[in-house]
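Student: I am new to this structure. Please take one part, the place where chains touch, and look at it closely. I would also like to know what surrounds it.

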Amino acid sequence: MERRKFIQGMFAATAVVAITVPTTMFAEEAKKAAPKGPNDMSFDEAVKAITEGKEVKESDKIKLTVPEIAENGAVVPVKVNVDYPMTEKESVTAIHILNTANSNARCADVMLTPANEKAYFATRVKLSKTQDVVALVALSDGTYMKASKSVKVTIGGCG
Amino acid sequence: MAEARKSMIKIKPKKYKVGDTVKVDFIVIHPMDTGMQKDKKTGKIKPAHYIDNITFSFDGKPFTTMKVWESVSTNPYFSVNYKVTGKGKITVDYTDNQGEKNSKSKKVKPKE
């Protein structure tokens, strides 16, 4: 019995050492190594910078197409269609693509004109980890609406 | 180092008439470095290098302008709608944060 206990103890001790030491080391290293991006901006700051504190309504007029699970975070296709007239009187003036967890929350601002006929924009973005992609749409009457969808990222794209 | 970048404008569908709404796709070969990645060979952090301004214009009249940040993927792709009004030329001008300026254009030939 004693021998068995002794061996079990040995295994447990080595296992604990093996698990704890590297993970803590990596965590510390990651903290040190993570450099700040050139345009650090949190999601709330970005929304504030765009809307200047105005209210943003959730809307189902915006059709945001993103994959539910993105295997590679470096290339995530994003497509936005807005069901809203594009005339001289009322139009979509801008589509902003935002993310919630990258170091810079802003991906792209697209200023549209009535010559576009339909408010549509598509691109590919990088996502560092599982997070939401948000489409913030500015209308010509000064109001804003948004739609968001979460994307599960298996491999981060901001290496 | 202002080397000419490979870029491409695609108009979809290929055949269109005056009054049709087409998709104008713009693709450019660009690293879009975030300023947070390490160079695998030297181990140093690569400086940020990304496209920041894009202007789509038709015969000199801009119809869509974009401001872009580093969160957009490497070799970016941008697609917008455009209503064909007649013969002309679509030009895309783009600049990046290191001061490179480039442009690409494509003729618009609507079918009668």
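Tutor: One definition is needed before the details: a residue is called buried when its relative accessible area is under 20%, exposed when it is over 50%, and partly exposed in between. By that rule Arg5(B) is buried, because its relative accessible area is 19%. The model is a predicted one.

Now to the contact itself. Chain A contributes 33 residues and chain B contributes 31 residues. Together the two chains bury about 2,800 Å², and 51% of that is on carbon and sulfur atoms. On the side of chain A, the residues that lose the most area to chain B are Tyr120(A), Arg124(A) and Lys126(A), which together make up 23% of what that side buries.

Polar contacts come next. Between chain A and chain B, 20 residue pairs are in polar contact, both residues of each pair being at pLDDT 80 or more. On the side of chain A that touches chain B, the elements giving two or more residues are β6 (106-111) and β7 (119-125). The residues of that side are 16 nonpolar, 10 polar and seven charged.

Strand β7(A) is also paired across the contact. Two bridges join β7(A) to strand β5 of chain B, residues 77-83, and the strands run antiparallel. Within this pairing, Val80(B) in β5(B) has Phe121(A) opposite.

Which salt bridge crosses the interface? The rule finds one between chain A and chain B. Glu117(A) and Lys83(B) form a salt bridge, with closest N and O atoms 3.8 Å apart. The pair runs from the loop between β6 and β7 of chain A, where Glu117(A) sits, to strand β5 of chain B, which holds Lys83(B). Neither end is described as buried: Glu117(A) has a relative accessible area of 30% and is partly exposed, and Lys83(B), at 31%, is partly exposed too. Glu117(A) has one further feature, a positive phi of about 70 degrees although it is not a glycine.

Another residue of chain A that touches chain B is Asn104(A), which lies in the loop between β5 (92-99) and β6 of chain A. Is Asn104(A) buried or exposed? Asn104(A) counts as buried because its relative accessibility is 2%. Leaving out residues up to four places away in sequence, Asn104(A) touches Asn39(A), Met41(A) and Asn99(A) in chain A, and Trp69(B), Glu70(B) and Ser71(B) in chain B. The side chain of Asn104(A) also reaches the backbone nitrogen of Arg106(A), at 3.1 Å.

Behind the contact stands the rest of chain B. Chain B has seven strands and zero helices. The C-alpha trace of chain B spans about 60 × 20 × 20 Å along its principal axes, and 47% of its 112 residues count as buried. Of the contacts in chain B between residues at least 6 apart in sequence, 56% join residues at least 24 apart.

Salt bridges occur away from the interface as well: over all chains the structure holds five. One of them joins Glu100(B) to Arg5(B), with the closest N and O atoms 2.9 Å apart. Glu100(B) is in the loop between β6 (88-96) and β7 (101-108) of chain B and Arg5(B) is in the segment before β1, so this pair ties together parts 95 residues apart in sequence. Glu100(B) is buried, at a relative accessible area of 10%, and Arg5(B), as said at the start, is buried at 19%.

Another salt bridge is formed by Lys12(B) and Asp25(B), whose closest N and O atoms are 3.0 Å apart. Lys12(B) belongs to strand β1 and Asp25(B) to strand β2 of chain B, so the pair ties together parts that are 13 residues apart in sequence. Here the two ends are unlike in burial. Lys12(B) is partly exposed, with a relative accessible area of 40%, whereas Asp25(B) is buried, at 3%. The peptide bond from Lys12(B) to Pro13(B) is cis, omega being near -5 degrees. Pro13(B) itself is in the loop between β1 (7-12) and β2 (21-28) of chain B.

Definitions and conventions:
Residues are numbered from 1 along each chain as its sequence is written. Chains are lettered from A and ligands numbered from 1 in the order in which they are written. Side-chain values use heavy atoms; hydrogens and water are left out. Contact means heavy atoms within 4.5 Å. Buried area is the accessible area (1.4 Å probe) that two parts lose on being put together, summed over both. A salt bridge is a side-chain nitrogen of Lys or Arg within 4 Å of a carboxyl oxygen of Asp or Glu. A polar contact is a pair of N or O atoms within 3.5 Å; within protein, one must be able to donate a hydrogen and the other to accept it, and residues adjacent in sequence count only if both atoms are side-chain atoms. Helices (H or I, at least four residues) and strands (E, at least two) are DSSP runs, numbered from the N terminus. Ala, Val, Leu, Ile, Met, Phe, Trp, Tyr, Cys and Pro count as nonpolar, Asp, Glu, Lys and Arg as charged, and the others, Gly among them, as polar. Two strands pair if DSSP finds at least two bridges between them. Buried means under 20% relative accessible area, exposed over 50%, partly exposed in between (1.4 Å probe, protein chains only).
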